[in-house]
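Visitor: I've got a structure open and a few things I'd like to ask about it. Can we walk through it together?

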Amino acid sequence: MKLAEILEKLSNACGVAGREEEVRSLMKTFLKPYVDEVEEDKLGNVIGIRKGKKNAPKVMLAGHMDEIGLLVKTISKEGFLQFAKIGGIDDRILLAQNVIVHAENGPLHGVIGSKPPHIQKEDERKKVLAYDELFIDIGAATYEEAKKMGVKIGDPIEFDVRFAKIGKSVVIGKAFDDRAGCAVIVEAMKYLEKTECTVYAVGTVQEEVGGRGARTSAFGIYPDVGIALDVTVAGDVPGVREVEAPIKMRKGPSLTVADYGLITHPKVLRLLIDTAEENKIPYQLEAGLPGGTDASPISLTREGVPSGTTSIPTRYIHSPSSVLSLEDTENTVKMIVAAIHKIPKYF
Ligand SMILES: [Zn+2]
């Protein structure tokens, strides 16, 4: 299967944080042909292990399987669903979105509604509606009907967005944060026959709520080097100043120098930069982005793990649809594969 197809399947799957089962089962299937073992740990992280030479460094690649989304919070007596947010979601993007509620009897289509603008007061129309003023209409007439449709408190809700190609080597879809990282890991594992390292390809759970899966899986693996594969804000859209978001789509993977959760270990950064330059892979350096990745909890495992993040520049992260370049994604694969081959020289 080609990288774009892998990304498509992962992007269309639902994996609201804590409910990653669809993505988990895809990751197991995708990793299986390229690893010696696939394990699932107690929290639900998927760990594909490709055994290398004895005493060679252990490398952990982490891509988070979870996505931002919503959960059913209450069901009104008129059959509307009120919801809680999981992960960082801006209230401004919620209104009028189509969603899928993953209820017990199967998926239910719905839309996020509000009091119609026609009857809103002047000042109401100017302000952003907070998420708790919104509701999901699933077509139920009463509380009882919603219950009969299988809805219960806590059911995960995903944005109803399907993957599509929209430009030359450009795709649009849901949850590229971080299905793009997961796809890169799967693809990279195809090209690692010759590495001396033992590679742990990990699909982590619950990153969007605080890097929880990376924390426990890294504790179990205790790697010598950790690399998170994630996406980062591509600022090459109208209205963004260079200083706010200097990373651009189509300019190659972004190497984090420091973000709010991690100062990349100098040896890891050196390894990645040397790899890019020797292999003529375009790359961008990124510093100071608010937020962090799985590399942060990995780096603080036990006595510490030299760690870094390689990201695919992605537009409109943490909204229902994001956009990225397949070329950047392929270059991220190249970078990771080449870097892993070099790791024994650096660690
Ligand atoms: Zn992410």
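What follows is a short chat about this predicted model.

Visitor: Let's start with the overall picture. How does the radius of gyration of the protein chain sit against the globule rule?

Guide: First, the makeup: the secondary structure of the protein chain comes to 9 helices and 17 strands. The globule rule gives 20 Å for 347 residues, and the chain is close to that, so it is as compact as a globular protein of that length. The C-alpha trace spans about 65 × 45 × 40 Å along its principal axes. As for the radius of gyration itself, it's 21 Å.

Visitor: On to the largest pocket. Which element gives the largest share of its lining?

Guide: This pocket has a volume of about 440 Å³, and 27 residues line it. Several elements supply at least two lining residues each: strands E13 (225-233), E14 (254-259), E15 (284-289) and E16 (307-315), plus helix H8 (295-299). The largest share is 4 residues, and it comes from E13.

Visitor: What's the split by class in the lining of the largest pocket?

Guide: Lying nearest the pocket centre are Glu 207, Pro 290, Gly 291, Gly 292 and Thr 293. Glycine is counted as polar here. Over the whole lining, the split is 7 nonpolar, 12 polar and 8 charged residues.

Visitor: What about enclosed space: how much lies in the largest cavity?

Guide: Rolling a probe the size of a water molecule over the atoms shows where empty space is left. Searching the whole structure turns up 1 cavity of 30 Å³ or more. Its lining residues include Glu 67, Phe 159, Lys 174, Asp 177 and His 318, and by class the lining divides into 4 nonpolar, 3 polar and 4 charged. The space in the largest cavity is about 80 Å³.

Visitor: Now helix packing. Are H1 and H9 roughly parallel or roughly perpendicular?

Guide: The axes of H1 (residues 3-12) and H9 (residues 326-346) come within 11 Å and cross at roughly 105 degrees. Angles of 65 to 115 degrees count as roughly perpendicular. That makes H1, relative to H9, roughly perpendicular.

Visitor: And which residues of H9 are met by H1?

Guide: The residues of this contact divide into 5 nonpolar, 1 polar and 1 charged. On the H1 side you have Leu 3, Ala 4 and Leu 7, and they meet, in H9, Leu 326, Thr 329, Glu 330 and Val 333.

Visitor: Any backbone oddities? Which peptide bond is cis?

Guide: Most residues other than glycine have a negative phi, and most peptide bonds are trans. Ser 169, in the loop between strands E10 (164-167) and E11 (170-173), has a positive phi near 65 degrees. For the peptide bond, look at helix H5 (residues 176-189), where Asp 178 is placed. With omega near 10 degrees, the cis bond runs from Asp 177 to Asp 178.

Note on methods:
Residues numbered from 1 in each chain as written. Predicted model: local features only at pLDDT ≥ 70, side-chain atom pairs only at ≥ 80, totals over all residues. Heavy atoms only, no water. 1 Å grid on protein atoms, 1.4 Å probe; cavity = no way out; pocket = protein on both sides within 12 Å on 5 of 7 lines; lining within 4 Å. Points joined across faces, edges and corners; volume = space filled by probe spheres on them. Axes fitted to C-alpha atoms, helices over the stretch in contact; angles between N-to-C directions. Parallel < 35°, antiparallel > 145°, perpendicular 65-115°, else oblique. Contact = heavy atoms within 4.5 Å. Rg over C-alpha atoms; globule rule 2.2 N^0.38 Å.
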